[in-house]
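This report goes through the computed geometry of one protein chain, element by element. Helix packing and a few single residues are the main topics.

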Amino acid sequence: PLQMLKAKPVPKSSGASRRKTREPAVPSSLIKKIFSHYVKMPVTRDAFRIVEKCSERYFKQLSSDLEAYTNHAGRKTVEMADLEVLMRRQGLVTDKMPLGVLIERYLPLEYRKLLIPVAVSGNKVIPCK
């Protein structure tokens, strides 16, 4: 009779919280689409897995470098200047190849309009800073 009066132990967490959490990542379909666009030939699954791992490491390093530049400047927000410094250190932006030229060469028009200031009628500059 005393055993019936004892309370049963209640689980501390529900089954939903035991799920394995994953870090955010670039979708593999996007990586495959971009890579196959530039390679222009079939790629084996093993080779694609390596490309996927390399791109994941690249973006982790890229974000940690941007975070370091932002912290060094005493800010909490990553700005375009931080990205330009990073691209300059990587050798992508040089005196002969400025960031604006890279933007015009590789990004679609809708992104170019957002990133490069353009003077329009009425002496307005879009986008405003």
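Just after helix α4, G91 adopts a positive phi of about 90 degrees. The model that shows this is predicted.

**The chain as a whole**

The secondary structure consists of 6 helices and 2 strands. In sequence order the elements run α-α-α-α-α-α-β-β, so a reader going from the N terminus passes the helices before reaching the strands. Of the 129 residues in the chain, 12% are buried. The exposed area comes to about 11900 Å², and 60% of that area is supplied by carbon and sulfur atoms. When contacts between residues at least 6 apart in sequence are considered, 13% of them join residues at least 24 apart.

**Helix α4 and its surroundings**

Helix α4 spans residues 80–90, and its buried residues are D82, L86 and M87. Viewed down the axis of α4, these buried residues fall within an arc of 130 degrees, so they line one face of the helix. An α-helix has 3.6 residues a turn, so residues three or four places apart point the same way. The cover over the buried residues of α4 includes α3 (45–72) and α5 (99–106).

How do α4 and α5 pack, in angle and axis distance? Their axes lie 11 Å apart, at an angle of about 90 degrees. The range for a roughly perpendicular pair is 65 to 115 degrees, and α4 is therefore roughly perpendicular to α5. On the α4 side the contact is formed by M80, E84 and M87, and on the α5 side by L99, L102 and I103. Sorted by class, the residues of this contact are 5 nonpolar, no polar and 1 charged. M87 thus appears both among the buried residues of α4 and in the contact with α5.

**Helices α2 and α3**

A second helix pair is α2 with α3. The two axes come within 10 Å of each other and cross at roughly 110 degrees, which makes α2 roughly perpendicular to α3. From α2, the contact involves S28, I31, K32 and F35; from α3, the residues are F48, V51, E52 and S55. By class they divide into 4 nonpolar, 2 polar and 2 charged.

The loop between α2 (28–39) and α3 holds K40. Phi of K40 is near 60 degrees, a positive value in a residue other than glycine. Is K40 buried or exposed? Its relative accessibility is 66%, and K40 therefore counts as exposed, the cut-off for that class being over 50%.

**Three partly exposed helix residues**

R112, A81 and A68 each belong to a helix: R112 to α6 (residues 109–115), A81 to α4 and A68 to α3. The table lists the relative accessible area of each residue together with one C-alpha to C-alpha distance.

| Residue | Relative accessible area | Partner | Separation in sequence | C-alpha distance |
|---|---|---|---|---|
| R112 | 27% | G100 | 12 residues | 8.9 Å |
| A81 | 45% | T70 | 11 residues | 9.5 Å |
| A68 | 42% | V78 | 10 residues | 9.7 Å |

R112 is partly exposed at 27%, since the class lies between under 20% for buried and over 50% for exposed. A81, at 45%, is partly exposed as well, and A68 is partly exposed at 42%.

Which residues does R112 touch, leaving out those up to four places away in sequence? They are I103, E104 and L107. One of these, I103, also takes part in the contact of α5 with α4.

**Summary of the helix pairs**

Two helix contacts have been described. In the α4 and α5 pair the axes are 11 Å apart, and the contact has 1 charged residue and no polar ones. In the α2 and α3 pair the axes come within 10 Å, and the contact has 2 charged and 2 polar residues.

Methods. Residues are numbered from 1 along each chain as its sequence is written. This is a predicted model: local features need pLDDT of at least 70, side-chain atom pairs count only at pLDDT 80 or more; totals for chains, interfaces and linings use all residues. Side-chain values use heavy atoms; hydrogens and water are left out. Helices (H or I, at least four residues) and strands (E, at least two) are DSSP runs, numbered from the N terminus. Buried means under 20% relative accessible area, exposed over 50%, partly exposed in between (1.4 Å probe, protein chains only). Contact means heavy atoms within 4.5 Å. Accessible areas come from the Shrake-Rupley method with a 1.4 Å probe; for residues, only the protein chains shown count as cover. The arc is that of the directions from the helix axis to the C-beta atoms. Axes are lines fitted to C-alpha atoms, for helices over the stretch in contact, and angles run from 0 to 180 degrees between N-to-C directions. Angles under 35 degrees count as roughly parallel, over 145 as roughly antiparallel, 65 to 115 as roughly perpendicular and the rest as oblique. Ala, Val, Leu, Ile, Met, Phe, Trp, Tyr, Cys and Pro count as nonpolar, Asp, Glu, Lys and Arg as charged, and the others, Gly among them, as polar.
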